[in-house]
Amino acid sequence: NLRELRQALGKTQIEVADAAKIQQSELSKVERRQDHLISTLRRYVNALGGELEGSARFSDKIVKLSGV
């Protein structure tokens with residue numbers, strides 16, 4: 001989950017919230033949610049220094065999604 005990802009990267013909620021330009025309390029809510037908007041996930045991952053990529057898996061192939 002997002003909290004475990006953040007902790008594995010050695011970041012605090014305050015550090016990630018500052019990088020994402022949101023309040024720490026809002027970041028805490030994001031980490032507790034079970035359903036996320038892609039834009040929220042992108043902002044969170046970017047704040048951790050990463051890049052969000054999306055793909056769709058079908059029985060015979062995986063398709064990389066662009067523009068998500």
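**Exercise 1. Establish whether Glu 31 and Arg 6 are buried or exposed, and describe how their side chains meet.**

Solution. Both Glu 31 and Arg 6 are buried, where buried means under 20% relative accessible area, exposed over 50%, and partly exposed in between (1.4 Å probe, protein chains only). The model is predicted, so local features need pLDDT of at least 70 and side-chain atom pairs count only at pLDDT 80 or more, while totals for chains, interfaces and linings use all residues. Residues are numbered from 1 along each chain as its sequence is written, and side-chain values use heavy atoms, with hydrogens and water left out.

The next step concerns the pairing. Side chains of opposite charge can pair when their charged atoms come close. Glu 31 and Arg 6 meet in a salt bridge with an N to O distance of 2.5 Å; a salt bridge is a side-chain nitrogen of Lys or Arg within 4 Å of a carboxyl oxygen of Asp or Glu. Because Glu 31 lies in helix 3 (residues 24-32) and Arg 6 in helix 1, the pair ties together parts that are 25 residues apart in sequence.

**Exercise 2. Determine how many salt bridges the structure holds, and characterise the one formed by Glu 53.**

Solution. The structure holds two salt bridges. Glu 53 pairs with Lys 64, and their closest N and O atoms are 3.8 Å apart. This pair links distant parts of the chain, eleven residues apart: Glu 53 belongs to the loop between helix 4 (38-47) and strand 1 (54-57), and Lys 64 to strand 2. Glu 53 is exposed, at 57% relative accessible area, and Lys 64 is exposed as well, at 60%.

**Exercise 3. Describe the order of secondary structure elements and the overall dimensions of the protein chain.**

Solution. The protein chain contains four helices and two strands, which are DSSP runs numbered from the N terminus (helices: H or I, at least four residues; strands: E, at least two). Along the sequence they follow the pattern α-α-α-α-β-β. The C-alpha trace spans about 40 × 20 × 20 Å along its principal axes. Of the 68 residues, 24% count as buried.

**Exercise 4. Locate Leu 2 and identify the residues with which it is in contact.**

Solution. Leu 2 lies in helix 1 (residues 2-8). Its relative accessible area of 11% places Leu 2 among the buried residues. Contact means heavy atoms within 4.5 Å. Leaving aside neighbours within four places in sequence, Leu 2 is in contact with Val 30, Glu 31, His 36, Leu 41 and Tyr 44. For Val 30, the separation from Leu 2 is 28 residues in sequence and 8.3 Å in space, C-alpha to C-alpha.

**Exercise 5. Identify the residues that form a nonpolar patch on the surface, and place Leu 65.**

Solution. The patch consists of Ile 38, Phe 58, Val 63, Leu 65 and Val 68, with about 390 Å² of accessible area together. Patches are made of residues with over 30% relative accessible area and no salt bridge; like charges are joined within 9 Å, and nonpolar side chains (Val, Leu, Ile, Met, Phe, Trp, Tyr) within 5 Å. Accessible areas come from the Shrake-Rupley method with a 1.4 Å probe; for residues, only the protein chains shown count as cover. Leu 65 is in strand 2 (residues 62-65) and is partly exposed, at 37% relative accessibility.

**Exercise 6. State what is notable about phi of Lys 21.**

Solution. Most residues other than glycine have a negative phi. Phi of Lys 21 is near 60 degrees, a positive value. Lys 21 is found in the loop between helix 2 (13-20) and helix 3, and is exposed, with a relative accessible area of 73%.
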